[in-house]
Amino acid sequence: MESFLRRWRQDALDKHQLDSAIFIGDKLLALTNADEDAYILAQTHFTAGNYTRAISFVSRSDLLQRSAAARYLSAHCYIKQNRHEDALGILGDKNPVHLITTSDSARRKLQHMTNGLSSKQGGKSRGLTRVDRVDRSEERDREDATNLKYEAGMCYLRGLCYAKQNAFDRAKECYKDAVRIDVQCFEAFDQLMKNSLMSPGEEWDFLDSLNFDSIPSDPDAPANAQEGALFTRNLYITRLSKYARPEDFNTAIETLSSHYRLSENSDILHAKAEILFTSSRFEAALILTSAILEYDPYNFASMPLHLALLYQLNHTNALFALSHDLADTHPGEPCTWLAVGTYYLSTNRIPEARSYFSKASLMDPHFGPAWIGFAHTFAAEGEGDQAIAAYSTAARLFQGTHLPQMFLGMQEIALDNLTIAREYLTTAYTLSDRDPLLVNELGVVAYKEGEYESAVRHFMLALRIAEENEAPAHQYNSTRLNLAHALRRGGQFQEALEQFDEVIRLGMRDCGVFTSKGLVLLELDQAFEATVALHEGLAISPQDPIASDLLAKALSCLEEEGVLGGADEEAVDIGLRNKLAEVKRTRDTGRRRRPRKQVYDSMDLDGGEGGAGGARP
Amino acid sequence: MALPSEQQLELETQLRLAVVACNERCLYFAAKWAAEMLNSLTPPSDLLDDGSDTDVDDDVNMRSKVQPSNNDRKETAREAKELSRFLMAKSYFDCREYDRCAAVFLPSPIPHSAPLHSTLPPQKGPQSTKTSPSKTNSLSKAPNTQLSASLKKMSQKSLFLSLYARYQAGEKRKNEDSEAILGPADGPATANKEIPGILVILEDYFAARGGLQDLTNSQGWLDYLYGVVLLKNKSETLAKQWLLRSVNLNPYNWSAWLELASLVGSPDDLQLISHHLPQNIMAFFFHIFCSQELYQQGPDVFDILNQMESIFPHSAFLKQHKALLHYHARDHDVAMEMFDSLIKEHPRRLDGLEVYSNLLYVLPNRPKLASLASLASSTDKFRPETNCILGNYYSLISEHEKAVLHFRRALALDRNYQAAWTLMGHEYIELKNTQAAIESYRRAVDTNRKDYRAWYGLGQGYEMLECYSYSLFYYQRAAALCPGDPKMWAAVAHAYSKCNKIANAIQAYKRALVVGSQMDAGSSFGSGNNDPLSQAVGGALDPQILYDIALLYERENNWEEASAYMELTLAQEEGADEGSEGLGVTQITSRARLWLARWSYSCGEWQRTMELANELCQDGVEVEEAKGLVKDVRSRLALADVTDDSITGPEA
């Protein structure tokens with residue numbers, strides 16, 4: 001009877017017929033009164049969303065004390081009900097750090113494991129795995145493998161609670177411990193990455209410290225003991241920040257795509273797209289995100305990146321269509337409203353954009369892109385203080401990424417608080433030193449402080465990084481322009497001129513560029529070329545005051561210059577003088593009168609009406 | 001025929017190839033030019049006869065002979081492989097569907113916006129996912145390398161056509177975005193948005209092929225496009241290099257020569273550039289064209305022109321340029337004759353006729369201009385040339401608003417039509433709309449910086465606005481382009497004097513004097529010179545300029561020089577040599593005489609004062625002033641020495 005009921009229950013659960021599963025489970029529990037059945041019933045209630053009932057079932061007969069799974073479940077229920085204090089009460093605030101396995105042991109473990117294999121002491125019961133056995137940690141040995149997973153899960157839940165309480169440092173530690181205890185606790189890892197709780201360097205250190213060998217290998221193919229470990233490691237690598245160690249990244253992706261046919265997988269594509277995005281190859285990245293969404297139209301993990309790309313490439317129409325579609329199908333998803341906000345931002349309707357960004361961030365207070373977008377709307381309107389406040393929130397939420405810090409720095413630059421700006425930017429730099437944009441901003445600070453040499457160094461570095469990233473040159477045109485300005489202010493006019501020319505070649509048609517080029521040419525005493533450059537600038541923006549001023553200056557320099565440089569003039573002068581002498585001679589010989597001829601006044605330059613026709617030969 | 005028949009045949013083959021190649025790449029203008037040249041080798045009547053004789057086999061022979069000359073096997077293989085797609089792309093281009101044409105070979109990915117199958121019933125889901133992997137398959141392989149790989153596999157012809165289509169699409173959109181002529185969106189602020197994309201592709205393409213130096217396996221077409229795009233980005237030195245490369249690789253693309261010509265800003269530039277040109281017949285055409293644009297009319301140009309005419313005896317292009325050269329040399333009658341015969345031979349050919357209308361305007365010859373206008377508008381009302389001719393006609397009969405309307409229409413048809421910009425500037429000057437005039441002239445020099453009239457017009461405009469240092473700059477540019485015209489130098493000098501740079505002003509005036517006398521001494525074909533100015537100078541110097549110089553010296557308190565130049569002005573009344581005809585008495589010389597009279601008076605040269613003043617009285621100019629002087633001198637003389645008869649003698 002019991003087995004019949006179990007099968008029935010399992011069948012119902014498989015079909016998500018929760019009512020019948022609850023009904024049968026209840027009967028089963030009445031029959032057996034076993035811990036296991038109580039737990040499964042609670043779990044069924046959890047799946048059905050009856051969190052309080054689920055708690056009541058696990059709380060019965062002090063199951064909580066005996067089973068980690070039950071503790072996990074009830075804590076999960078509390079979290080689902082937003083009762084984080086209660087959840088913490090069950091979870092306790094201590095992580096079971098003694099269960100952590102480290103990669104230091106992993107190395108020694110390897111030998112151990114081969115021994116273990118040869119002696120065929122392989123696990124026989126309850127899924128006890130080899131790895132558990134070979135682990136040097138004695139406490140860990142004692143723990144049941146499933147229990148370990150629940151312990152890790154509880155660490156993760158603890159992290160969630162702390163995160164809700166805005167205690168991000170503690171949350172981070174909890175997540176990290178969760179992954180350390182069970183490398184396969186992807187949820188914790190995902191939280192760490194998604195919320196960028198660690199800086200790129202930290203992430204890599206963390207990854208290196210993880211013991212992937214603790215992953216049980218496929219029992220069917222014990223020869224490939226390492227395979228699972230390597231595979232997981234590679235998968236995790238694709239999730240790390242893209243600013244550090246791109247080589248490792250590429251090898252990981254390479255392995256995953258070539259050995260496992262994962263090249264089409266959306267997460268791999270997403271990782272690739274992120275790399276392309278960080279190196280400013282937007283078109284290519286957009287192709288990838290489009291491919292992801294083609295396959296899975298509502299992949300919300302990739303959506304923010306896709307939106308950012310659409311914004312970067314000015315695909316307003318696509319943004320419009322996408323956000324309409326999302327609003328129709330997923331009104332409860334914060335990403336939807338991020339899309340709407342992005343659309344308004346790209347059409348320069350800032351107030352609307354702001355309200356939608358704030359809507360998205362209200363729906364999910366930990367939704368980073370929405371916060372950044374929200375702050376951007378203030379920055380776009382030049383409301384420095386509010387922008388700084390918003391960026392600061394983002395910076396608090398996402399400690400691992402340099403972006404909020406960098407934006408803060410940019411705002412402070414805009415407000416001319418250079419010391420504070422430098423502080424922010426330096427913090428950002430410690431988080432990530434491979435972002436050309438950040439290096440560029442540091443250069444800007446140096447430039448504003450009047451340290452042109454240092455500014456030049458920064459800009460050059462930024463350009464070099466961009467080049468190493470194989471970023472298209474025109475994306476970093478503004479950095480190049482900054483470099484040109486810094487060179488100009490540093491007195492290296494020839495080099496500055498080269499850079500300005502390069503900027504123009506790369507297609508920046510802006511009055512300011514031509515004006516600066518004109519200025520440099522003026523400094524180089526090439527007034528004529530300066531005038532030509534300034535004309536180009538004024539052709540683009542006829543009212544530009546600086547260009548006009550400089551043009552007047554250049555022209556007055558040109559006034560000083562003679563017509564022909566003197567050489568020819570001598571001859572002319574002599575010729576005229578001879579003529580003059582001749583005239584004086586003839587004057588004495590008496591004057592021959594001639595009949596009056598008609599009056600010519602052919603050189604009337606001031607006259608408009610004569611001039612226009614005359615100028616037409 | 002000046003060429004031996006072998007070379008003649010070779011030339012024919014080359015031109016024929018060029019026509020086909022240009023047509024394939026949708027370079028219609030270059031194709032037209034080459035075809036005209038091809039047909040001007042032999043008289044049209046011959047061609048007609050030949051046409052009936054030659055059977056199809058001959059043509060086929062010619063073709064088969066032509067084909068292997070495409071030495072790049074790989075390229076031919078690629079072209080063959082792409083043929084059907086290429087034909088489709090070409091047809092799209094011919095239908096002016098530029099974006100579609102570009103997308104045949106360079107598909108631009110459409111970003112994911114909304115799922116297409118969301119409305120489909122759910123069972124279709126798996127189906128669509130099944131198809132998508134094949135799609136993503138091609139996309140996901142590192143898109144950048146994928147793009148460049150497809151570029152590598154593409155033939156140069158297809159790549160050129162697709163990029164050129166993209167460029168044209170951008171130009172079309174730019175035109176649409178620019179809205180009204182001289183409107184707020186018109187001008188360099190509205191740029192061709194496709195250019196950065198094209199630039200990136202071409203940059204990668206050439207970088208992969210060894211850059212500028214590596215001439216192997218390039219046909220010169222993409223180089224031409226790269227040059228054009230660089231030119232649009234104002235990277236002129238680089239553009240020049242690439243265009244030079246293009247004309248060296250593929251000399252029969254006239255469009256590339258034209259772009260190159262637009263970069264030649266002065267005769268010196270032409271000299272410099274000619275060292276890098278290929279030594280063939282096209283270089284001569286280029287030389288003729290540039291010389292014409294630069295107002296060079298030395299005997300060497302005519303030599304080349306005559307040589308070319310012996311090879312291409314029926315070329316309308318050469319005839320047109322000959323006419324233009326004569327016009328620039330102020331040989332108005334000869335030029336007019338040539339234009340007339342040109343029209344007679346090619347009555348439906350409108351190219352260059354706007355210059356003829358300028359000539360008729362300057363002469364002025366209203367009836368001829370009217371008939372030209374009606375001829376042009378019966379041929380095609382919506383050609384920029386036609387509208388320019390009409391504009392000139394209306395301007396001549398003083399209907400300036402109508403003239404502006406027609407120039408605007410010409411510009412709406414082609415915004416890069418420099419002649420119309422300049423002429424519209426003239427009209428706005430007439431209408432006293434200085435701002436619009438300046439803007440028009442500015443656009444004119446933007447499109448073609450070799451037009452001295454536009455520069456001069458800019459100078460005039462700014463002079464009217466009393467921005468003298470600006471006008472000085474523009475006059476200088478005009479003078480640099482047209483150093484043989486004393487008017488330019490006089491304008492420069494005038495601007496200098498307004499800027500209080502008197503020394504420079506004097507220099508410029510002197511320059512004008514020299515140029516004026518040189519021009520008068522006779523240019524290369526000075527026989528039919530009927531410029532009123534040169535006759536007025538009468539073999540000597542322009543009195544106005546002399547007078548202006550004198551006044552400038554006066555401003556500098558250099559009385560010695562001032563009086564000397566006044567004397568010189570005065571001397572223009574008589575011929576330079578004994579017996580030759582001078583100017584006679586004019587207003588200017590009279591003013592100079594008055595000045596001299598006052599000067600002698602202040603120097604105490606009473607006798608000379610009396611002499612000059614009496615002459616003034618005789619000429620009937622400034623009589624009052626002169627009489628006053630005479631009286632004054634007399635009384636002074638009477639006071640000083642009453643008995644001196646020598647002074648009163650002539651007076652009696």
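## Around Ala375

Let's start inside chain A of this predicted model. Once you set aside the residues within four places in sequence, Ala375(A) touches Ala387(A), Ala390(A), Tyr391(A), Ala394(A) and Phe407(A).

Ala375(A) also belongs to something bigger: the largest nonpolar core, which has 347 residues. Ala375(A), Ala34(B), Leu225(B) and Val492(B) are the residues with the most contacts inside that core. Among the elements feeding into the core, helix α11 (residues 145-164) of chain A gives the most, with 11 residues. As background, nonpolar side chains in soluble globular proteins tend to be buried together.

## Chain A as a whole

Chain A is built with 35 helices and 0 strands. Of its 617 residues, 47% are buried. How much of the contact map comes from residues well separated in sequence? Counting contacts in chain A with a separation of 6 or more, 51% are between residues 24 or more positions apart.

## A look at helix α26

Helix α26 (residues 418-431) of chain A makes a handy check on geometry. Its 14 residues should span 20 Å at 1.5 Å a residue, and because its end C-alpha atoms are 20 Å apart, the model agrees with that expectation.

Which residues of α26(A) are buried? They are Ala421(A), Arg422(A), Tyr424(A), Leu425(A), Ala428(A), Tyr429(A) and Leu431(A). In general, an α-helix has 3.6 residues a turn, so residues three or four places apart point the same way. The cover over the buried residues of α26(A) includes α14 (200-209), α25 (403-414) and α27 (436-448) of chain A.

## The TPR annotations

UniProt, in an unreviewed entry, lists "repeat: TPR" for residues 334-367, 436-469 and 477-510 of chain A. In the model, residues 334-367 of chain A are 79% helix and 0% strand, with end C-alpha atoms 8 Å apart. Residues 477-510 of chain A come out at 76% helix and 0% strand, and their end C-alpha atoms lie 12 Å apart.

Chain B has the annotation too: the unreviewed UniProt entry puts "repeat: TPR" on residues 384-417, 418-451 and 452-485 of chain B. Residues 418-451 of chain B are 79% helix and 0% strand, and the end C-alpha atoms sit 9 Å apart. For residues 452-485 of chain B, the figures are 79% helix, 0% strand and 10 Å between the end C-alpha atoms.

## How far to trust it

Chain A has an average pLDDT of 78, and 81% of its residues score at least 70. Where in chain A is confidence lowest, and where is it highest? The low point is helix α35 (residues 608-614) of chain A, with a mean of 37, and the high point is helix α21 (residues 334-346) of chain A, at 91. Two stretches of chain A deserve a flag. Residues 104-137 of chain A stay under 50 in pLDDT, and the model gives them 39 contacts beyond four places in sequence. Residues 589-617 of chain A also stay under 50, with 46 such contacts. Where pLDDT is low, the predicted coordinates should not be read in detail.

Chain B averages a pLDDT of 78, with 82% of the residues scoring at least 70. Its lowest helix is α7 (residues 124-140) of chain B, at a mean of 32, while α21 (residues 384-396) of chain B is highest at 93. Residues 44-70 of chain B are below 50, with 9 contacts beyond near neighbours in sequence. Residues 647-652 of chain B are below 50 as well, with 5 contacts of that kind. The model scores ipTM 0.73 and pTM 0.76.

Definitions and conventions:
Residues are numbered from 1 along each chain as its sequence is written. Chains are lettered from A and ligands numbered from 1 in the order in which they are written. This is a predicted model: local features need pLDDT of at least 70, side-chain atom pairs count only at pLDDT 80 or more; totals for chains, interfaces and linings use all residues. Helices (H or I, at least four residues) and strands (E, at least two) are DSSP runs, numbered from the N terminus. A residue is buried if 20 or more other C-beta atoms lie within 10 Å of its own, exposed if 12 or fewer, and partly exposed in between; C-beta atoms are placed from the backbone. Two residues are in contact if their C-beta atoms, placed from the backbone, lie within 7 Å. pLDDT is the predictor's confidence in each residue, from 0 to 100. A nonpolar core is a set of buried Ala, Val, Leu, Ile, Met, Phe, Trp, Tyr and Cys residues joined through C-beta atoms within 7 Å. UniProt positions are given in the numbering used here, feature names are shortened, and annotations may be inferred rather than shown by experiment. The expected span of a helix is 1.5 Å times one less than its number of residues.
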